[in-house]
Protein chains: 2
Amino acid sequence: MATIPVMEIFGPTVQGEGMVIGQKTMFVRTAGCDYRCSWCDSAFTWDGSGKDLITPLTAEQIWERLQEVGGTRFSHVTLSGGNPALLGSLGELTRLLAGKGIRMAVETQGSRWQDWLLEIDEVTVSPKPPSSGMHTDWGKLDELISRLSQRTDGKSVSLKIVIFDEKDLAYAIHAHARYPHIPLYLQTGNPDVHTGETDSHALSLIRRYEWLIDQVMDKDELNDVRVLPQLHTLVWGNKRGV
Amino acid sequence: MATIPVMEIFGPTVQGEGMVIGQKTMFVRTAGCDYRCSWCDSAFTWDGSGKDLITPLTAEQIWERLQEVGGTRFSHVTLSGGNPALLGSLGELTRLLAGKGIRMAVETQGSRWQDWLLEIDEVTVSPKPPSSGMHTDWGKLDELISRLSQRTDGKSVSLKIVIFDEKDLAYAIHAHARYPHIPLYLQTGNPDVHTGETDSHALSLIRRYEWLIDQVMDKDELNDVRVLPQLHTLVWGNKRGV
């Protein structure tokens with residue numbers, strides 16, 4: 001049976017961002033990413049610094065570990081990374097979890113397709129804006145979003161774009177015009193993913209959130225959007241595993 | 001033509017709470033409430049202190065005012081109060097806004113039915129827990145939730161319960177067991193709706209949010225729920241009209 005490179009399993013905690021913000025969920029964080037975003041808050045999944053954490057686990061072993069950690073206190077699991085969509089082997093896990101009646105969410109930048117994405121209740125596609133230093137393959141994104149938005153079984157897809165500056169906002173306006181019927185979430189960027197200071201960091205992130213609100217409220221190209229901070233950074237700063 | 005007692009029209013701003021948290025929206029706040037919650041953050045809508053603000057407006061006049069204030073920078077309107085469901089005359093406004101292609105949300109405690117509720121895209125029903133000092137008529141709530149959840153046209157309904165203490169949590173557990181298929185949002189209470197201090201208030205609300213997260217994560221009766229703060233109080237404290 002194929003294994004999945006797992007870096008962390010933790011929870012239950014709240015999903016801090018995006019379309020299921022606030023949802024009580026367990027997290028399964030996989031290793032590896034095809035991107036190298038300048039401001040990545042989980043660079044340990046791809047820069048080598050977390051390589052000792054990587055544990056190859058089968059779907060059954062992940063389910064056992066979820067129960068060890070979360071007991072009976074969860075009904076929702078979030079697959080995060082890295083980019084979980086690098087891993088075809090996650091299909092075994094999504095089938096197993098669906099069979100247990102677990103609702104699932106995933107976040108991916110939309111650069112790779114996997115058939116198991118069709119089984120995910122809430123797919124957050126988070127293309128990366130200019131501040132990331134990454135390049136978006138719009139053709140690939142078109143196809144992925146088209147396939148996910150054709151689902152008619154109550155499963156949903158959204159776009160989430162992190163905004164650090166006005167170039168990122170212009171990118172978001174382009175994406176919104178390209179996919180007008182896909183719910184769009186704009187998210188405050190976190191410029192310091194290393195500080196251990198919680199309170200002053202939270203207050204500075206709130207000021208960044210206010211800046212983003214002001215920008216979006218002013219633009220009639222961005223009317224049907226949601227603007228959100230990352231709740232977990234407000235509560236726990238950059239602490240891992242919460 | 002019937003008029004609607006309006007206290008405030010403002011925006012666009014973000015919806016700070018509940019099922020459409022973060023949504024860019026205009027607010028129309030109506031006067032009057034059948035409740036007197038101990039911790040109400042909009043008591044000026046019912047305690048007489050805001051009576052000079054009340055302006056009787058027709059639906060057409062409200063639409064004009066929305067455009068004066070929001071220009072072309074909105075496609076979503078939130079009806080808030082007080083309890084907007086006291087007002088049958090809002091039906092003229094909801095028809096007018098629906099005709100303009102405006103999406104609408106409303107928040108009501110669920111104590112009164114209005115047929116226009118059926119036209120609202122996102123209905124937040126917020127029954128009030130023990131800390132409010134109010135009493136819930138569960139029979140009435142059953143009927144209202146049943147009527148709203150039978151809609152099949154993509155329109156949605158959720159429950160939102162403010163949590164100050166463990167008695168409120170027990171109330172939320174009861175409500176969740178009673179309406180297991182209605183999405184449930186639990187929200188941090190704001191114990192000081194008058195302070196002008198923003199930063200220290202935000203930090204204390206974040207600690208309250210952390211307490212609520214801890215409580216909910218620990219309870220397997222509250223697995224499929226969302227736990228959220230009020231974003232507007234984090235950004236603007238108790239300031240009105242933002």
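This dialogue walks through how to read some features of a predicted model with chains A and B.

Reader: What should I know about the model and its numbering before I begin?

Author: This is a predicted model, in which local features need pLDDT of at least 70 and side-chain atom pairs count only at pLDDT 80 or more, while totals for chains, interfaces and linings use all residues. Residues are numbered from 1 along each chain as its sequence is written, chains are lettered from A and ligands numbered from 1 in the order in which they are written, and side-chain values use heavy atoms, with hydrogens and water left out.

Reader: Which rotation superposes chain A on chain B?

Author: In general, two copies of a chain are related by a rotation about an axis and a shift along it. Here a rotation of 180 degrees, with 0.0 Å of shift along its axis, superposes chain A on chain B with an RMSD of 0.0 Å (the fit is by least squares on the C-alpha atoms of residues with pLDDT of at least 70 in both). The two copies are therefore related as by a two-fold rotation axis. Of the residues of chain A, A:Leu203 comes closest to that axis, its C-alpha lying at 3.9 Å.

Reader: How many residues of chain A are in contact with chain B, and what area is buried between them?

Author: The size of an interface is often given as the accessible area lost when the parts come together. Between chain A and chain B about 3400 Å² is buried, of which carbon and sulfur atoms give 55% (the area is found with a 1.4 Å probe and summed over both parts). In terms of contact, which means heavy atoms within 4.5 Å, 39 residues of chain A meet 39 residues of chain B. Because 100% of the interface residues of chain A are also interface residues in chain B, the copies meet through the same surface.

Reader: How many salt bridges are counted between chain A and chain B?

Author: Side chains of opposite charge can pair when their charged atoms come close. The count between chain A and chain B is four salt bridges, each being a side-chain nitrogen of Lys or Arg within 4 Å of a carboxyl oxygen of Asp or Glu. In one salt bridge, the side chains of B:Arg207 and A:Asp199 meet at 3.5 Å, N to O.

Reader: Which elements give two or more residues to the side of chain A that touches chain B?

Author: They are strand E1 (4-14), helix H5 (199-217), strand E9 (225-228) and helix H6 (231-236) of chain A, where helices (H or I, at least four residues) and strands (E, at least two) are DSSP runs numbered from the N terminus. H5(A) gives the most, with ten residues.

Reader: Where does A:Lys219 lie, and with which residues is it in contact?

Author: A:Lys219 is found in the loop between H5 and E9 of chain A. Leaving aside its neighbours within four places in sequence, A:Lys219 is in contact with A:Leu169, A:Ile173 and B:Lys24. The C-alpha atoms of A:Lys219 and A:Ile173 are 9.2 Å apart, although 46 residues separate the two along the chain.

Reader: What parts of chain A does the salt bridge of A:Asp34 and A:Arg112 tie together?

Author: The closest N and O atoms of A:Asp34 and A:Arg112 are 3.9 Å apart. A:Asp34 lies in the loop between strand E2 (24-30) and strand E3 (55-57) of chain A, and A:Arg112 in the loop between strand E5 (103-108) and strand E6 (122-125) of chain A, so the pair ties together parts that are 78 residues apart in sequence.

Notes
Buried area = accessible area lost by both parts, 1.4 Å probe.
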